[in-house]
Amino acid sequence: GVHQFCRVGAHAMLAAGSIVLQDVPPYVTVAGSPATPRGTNSEGLRRRGFGGDEIAAIRRAYKTLYRQGLALEDARAEIAAAAVAVPALRVLAAFLETPGRGIIR
């Protein structure tokens, strides 16, 4: 189930039976009740024609957002800086700049 006001980003994957109460950023895979981030949707990205360098950049952005222990504002700034060189990250940076219900963390 997905809360009525939640946003689900491009190329995100939600596991069956997940309870989504906050926004799911692009490229992220979530699962559980409540849903928590589990990684990137790498296989889906490959199937959609994303290159290895793009997928690696998306994985680094995921680690910045979820694994480095940064505050959301700091992670957002790092991802926005990386998006200058990697167009695929612009979708993620724009999603994080738009207010919503907060992202799944």
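Me: At what angle do helix α2 and helix α3 pack, and how far apart are their axes?

Reply: Two packed helices are described by two quantities, the angle between their axes and the distance between those axes. In this predicted model, helix α2 covers residues 52–66 and helix α3 covers residues 72–83. The two pack at about 160°, and their axes are 8 Å apart.

Me: Are α2 and α3 roughly parallel or roughly antiparallel to each other?

Reply: An angle over 145 degrees counts as roughly antiparallel. The angle here is about 160°, and α2 and α3 are therefore roughly antiparallel. The crossing of α2 past α3 is right-handed.

Me: Which residues of α2 and α3 meet?

Reply: From α2 there are Ala61, Thr64 and Leu65; from α3 there are Leu72, Ala75, Glu78 and Ile79. Sorted by class, this contact holds 5 nonpolar residues, 1 polar and 1 charged.

Me: How do the axes of α2 and α4 cross, and within what distance do they come?

Reply: The same two quantities are read again. Helix α4 spans residues 88–97, and its axis comes within 9 Å of that of α2, with a crossing of roughly 25°. Angles under 35 degrees count as roughly parallel, so α2 is roughly parallel to α4.

Me: Which residues make that contact?

Reply: On the α2 side they are Glu54, Ala57, Ile58, Ala61 and Leu65, and on the α4 side Ala88, Leu89, Leu92 and Leu96. By class, the contact of α2 with α4 has 8 nonpolar residues, no polar ones and 1 charged. Ala61 and Leu65 of α2 appear in this contact and also in the one with α3.

Me: Is Tyr62 buried or exposed?

Reply: The reading rests on relative accessible area, with buried meaning under 20%. Tyr62, a residue of helix α2, has a value of 8% and is therefore buried.

Me: What is Tyr62 in contact with, leaving aside its neighbours within four places in sequence?

Reply: With those neighbours set aside, the partners of Tyr62 are Val28, Pro37, Arg38, Gly39, Thr40 and Arg67. As for Leu96, 34 residues separate it from Tyr62 in sequence, and the C-alpha to C-alpha separation in space is 12 Å.

Me: Does Arg76 count as buried or exposed?

Reply: The cut-off of under 20% for buried applies again. Arg76 lies in helix α3. Its relative accessibility is 15%, so Arg76 counts as buried.

Me: Which residues does Arg76 touch, not counting those up to four places away in sequence?

Reply: Arg76 touches Leu96 and Glu97 on that basis. Leu96 is also one of the α4 residues in the contact with α2.

Note on methods:
Residues are numbered from 1 along each chain as its sequence is written. This is a predicted model: local features need pLDDT of at least 70, side-chain atom pairs count only at pLDDT 80 or more; totals for chains, interfaces and linings use all residues. Side-chain values use heavy atoms; hydrogens and water are left out. Axes are lines fitted to C-alpha atoms, for helices over the stretch in contact, and angles run from 0 to 180 degrees between N-to-C directions. Helices (H or I, at least four residues) and strands (E, at least two) are DSSP runs, numbered from the N terminus. Angles under 35 degrees count as roughly parallel, over 145 as roughly antiparallel, 65 to 115 as roughly perpendicular and the rest as oblique. A crossing is left-handed if the near helix is turned anticlockwise from the far one by less than a right angle, and right-handed if clockwise. Contact means heavy atoms within 4.5 Å. Ala, Val, Leu, Ile, Met, Phe, Trp, Tyr, Cys and Pro count as nonpolar, Asp, Glu, Lys and Arg as charged, and the others, Gly among them, as polar. Buried means under 20% relative accessible area, exposed over 50%, partly exposed in between (1.4 Å probe, protein chains only).
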